[in-house]
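Here are my notes for you, one topic per point. Have the structure open while you read, and look up each residue as it comes up.

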Amino acid sequence: MTSKGQITIPSELRKEIGLEKGDEVEFFKEDGRVYLARRIEGIEAAFGICKAPRGASLEEMEEAIQEGAKS
């Protein structure tokens, strides 16, 4: 931690939790531990919309539709 209270979040962890330049984070304490999370505001918070790690191919979507039709 710097003298100004700043910390460095390792790039691997930033990627894992989806942090990008300009994102805001929040800290919270629970059971004696401190946690960090990406702050979600606006429409993301209201509807739970998050960035998907990757899109689905047309074939994957069609397969999912077929599986749902079998249920």
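1. Start with a charged pair. Glutamate 24 and arginine 39 make a salt bridge, with their closest N and O atoms 3.1 Å apart. This pair links distant parts of the chain, 15 residues apart: glutamate 24 sits in the loop between helix 1 and strand 1, and arginine 39 in the loop between strand 2 and helix 2 (42-47). By salt bridge I mean a side-chain nitrogen of Lys or Arg within 4 Å of a carboxyl oxygen of Asp or Glu. As background, side chains of opposite charge can pair when their charged atoms come close.

2. Before going on, a word on what you're looking at. This is a predicted model, where local features need pLDDT of at least 70 and side-chain atom pairs count only at pLDDT 80 or more, while totals for chains, interfaces and linings use all residues. Residues are numbered from 1 along each chain as its sequence is written, and side-chain values use heavy atoms, with hydrogens and water left out.

3. Which residue is the other salt-bridge partner of arginine 39? That's glutamate 26, with the closest N and O atoms 3.9 Å apart. Glutamate 26 is in strand 1 and arginine 39 in the loop between strand 2 and helix 2, so this pair ties together parts that are 13 residues apart in sequence. The structure holds two salt bridges, and Glu24, Glu26 and Arg39 are linked in a network.

4. Are these three buried or exposed? Neither label fits: glutamate 24 is partly exposed at 43% relative accessible area, arginine 39 at 32% and glutamate 26 at 31%. The cut-offs are under 20% relative accessible area for buried and over 50% for exposed, with partly exposed in between (1.4 Å probe, protein chains only).

5. Now zoom out to the whole fold. You should find three helices and two strands, arranged along the sequence as α-β-β-α-α. These elements are DSSP runs numbered from the N terminus: helices are H or I with at least four residues, strands E with at least two.

6. The two strands pair in the antiparallel sense over six bridges; pairing requires that DSSP finds at least two bridges between them. Try finding phenylalanine 27, whose bridge partner in strand 2 is leucine 36. Lysine 29 stands opposite valine 34 of strand 2.

7. What is unusual about the phi of aspartate 31? It's positive, near 50°, in a residue other than glycine. For comparison, most residues other than glycine have a negative phi. Aspartate 31 lies in the loop between strand 1 (25-30) and strand 2 (33-38), in a hairpin with two residues between the strands. Aspartate 31 is also exposed, at 75% relative accessible area.

8. Finally, the surface. Buried residues make up 4% of the 71 residues, and the accessible surface comes to about 6,700 Å², with 53% belonging to carbon and sulfur atoms. These areas come from the Shrake-Rupley method with a 1.4 Å probe; for residues, only the protein chains shown count as cover. Met1, Ile7, Phe27 and Val34 form a nonpolar surface patch with about 500 Å² of accessible area together. Patch members have over 30% relative accessible area and no salt bridge, with like charges joined within 9 Å and nonpolar side chains (Val, Leu, Ile, Met, Phe, Trp, Tyr) within 5 Å. Isoleucine 7, in the segment before helix 1 (11-17), is partly exposed at 48%.
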